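Subject: A structure to look through

Dear colleague,

I am passing on a structure that I would like you to open and look through at your own pace. Please keep it on the screen while you read the notes that come after it.

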Amino acid sequence: MQESGIEVAVALDMSLGESPVWSVERQTLYWTDINNGHVYAWRPQQGGAPTRIELDEKVGCVALDEAGLVVATASGILRLPASGEPEWLAANPEWKKERQAGQGNRFNDGRCDAAGRLWAGTIDADESNPSAALYCLDRGELTRRLTGIGISNGLAFSPDRRWLYHTDSLTRCILRYPFDVDSGTLGEGETWVDLETLGLPGVPDGAAVDSEGCYWSALYDGGRVVRFSPEGELVAEHPVPCPHPTMVAFGGADLRTLYITTATQHLDAGGKARWPLAGSLLQMKTGVTGLAEPGFRG
Ligand code: BGC
Ligand code: CA
């Protein structure tokens, strides 16, 4: 199939659209608006408007779960079953509850590995200091796996399960870590992509890996989605009609639609007028197939 231009999938005015994830079983795309605490669900084959769950705190990412969804919010990780009450799975160690409100480093980007562990990282409250970390939730236990991070993003796995990809957006580099899916352990990380060296703008934000093992990265403030080969070479660039694409996910019946979430949070009124598609869910057809997203098995 030919690649197509980028168009609107769902017109929205999100502040920080993020974390698109496709359920093959449900033929449903989920995503979040982090700043507004919203979780969206949408079935493209049915058309119509998405449904929306409203949480009372920021929600960094969403993952699939047999009973429904798992979300990593500011204060912790919880299961949102399709019916019934939310279930707390883990508290965010970087979040302090103070009276009614809380403060600290909220959860940000995350996804499940092939064994069903949830990996989710945090974001420094000022988006400038290396105070955040990457965590793994495995059978009820949350462990800190990487520290010294400013903005945890870009988490993904190679199709052969040998690599975990991750970025601290502030460094403008994407690292890869040898990964053992059986034990969940990480080896020594190495710089895999450096936007500076490649002359690419913006920072690496969310990502998805396709069936050829290429890594699609949304360049926040770089106005494009880029595709890197397994060797870390830049193989394609797709301009996006707004400066802040945040993350990508393959979906649709044939897993050949790339969904792209976007943000308006760094645009003033002039920027919003110039980029009317910012804040919407975008889509494009790809010539390559995506991978089915594993769910949480906690
Ligand atoms: C964060 C945003 C941040 C962006 C770019 C996102 O994952 O949630 O707050 O501005 O990355 O670094
Ligand atoms: Ca992100």
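The notes below go through a few places in this structure, one after another. Please bear in mind throughout that this is a predicted model.

Let me begin with strand 4, which covers residues 38-42. Five of its five residues are buried, so strand 4 is largely enclosed by the rest of the structure. In a regular strand the side chains alternate between the two faces of the sheet. In strand 4 you can follow this residue by residue, since H38, Y40 and W42 point one way while V39 and A41 point the other way, and all of them are buried.

Which strands pair with strand 4? Strand 3, made of residues 28-33, runs antiparallel to strand 4 and is joined to it by five bridges, and within this pairing W31 has Y40 as its bridge partner. The two strands form a hairpin with four residues between them, and in this hairpin G37 takes a positive phi near 65°. Strand 5, residues 51-54, also pairs with strand 4 in the antiparallel sense, over four bridges, and here the bridge partner of H38 is E54.

The next place to visit is the calcium ion, which is ligand 2. Its protein donors are two OE entries from E18, together with OD1 of N153 and an OD atom of D205, and they lie 2.2 to 3.1 Å from the ion. Written along the sequence, the spacing of these donor residues is E-x134-N-x51-D. E18 lies in strand 2 (residues 17-23) and D205 in strand 21 (residues 203-209), so the pair ties together parts that are 187 residues apart in sequence. Are these two residues buried or exposed? E18 has a relative accessible area of 4% and is buried, and D205, at 4% relative accessibility, counts as buried as well, because the cut-off for buried is under 20%.

Strand 21, which holds D205, belongs to an open sheet of four strands in the order 21-22-23-24, with antiparallel pairing. Strand 21 and strand 24 (234-239) stand at the edges with a single partner strand each, so one side of each is left without a neighbour in the sheet. From one strand to the next, the twist averages 25°. Strand 21 pairs with strand 22 (residues 215-220) over five bridges in the antiparallel sense, and there you will find A207 opposite S217.

Ligand 1 deserves a careful look too. There are 15 residues around it, of which E18, R106, N108, E127 and N153 come nearest; E18 and N153 are also among the donors of the calcium ion. A polar side-chain atom of N108 lies 2.7 Å from an oxygen atom of ligand 1, one of D205 lies 3.2 Å from an oxygen atom of ligand 1, and for an N or O atom in the side chain of Q265 the distance to an oxygen atom of ligand 1 is 3.3 Å. Of the 310 Å² of accessible area that ligand 1 has on its own, the protein covers 96%.

Finally, please find S75, which sits in the loop between strand 7 (68-73) and strand 8 (76-81). Although S75 is in a loop, it counts as buried, at 10% relative accessibility. Its side chain makes a polar contact with the side chain of E57, at 2.8 Å.

With best wishes

Technical notes: Residues numbered from 1 in each chain as written. Chains lettered and ligands numbered in written order. Predicted model: local features only at pLDDT ≥ 70, side-chain atom pairs only at ≥ 80, totals over all residues. Heavy atoms only, no water. Buried < 20%, exposed > 50% of the residue type's maximum accessible area, 1.4 Å probe, protein only. Pairing = 2+ DSSP bridges. Donors = N, O, S within 2.8 Å, 3.2 Å for Na, K, Ca; no water. Axes fitted to C-alpha atoms, helices over the stretch in contact; angles between N-to-C directions. Near = heavy atom within 4 Å. Polar contact = N/O pair within 3.5 Å; in protein donor to acceptor, adjacent residues only side chain to side chain. Areas by Shrake-Rupley, 256 points an atom, 1.4 Å probe, with all protein chains shown as cover.
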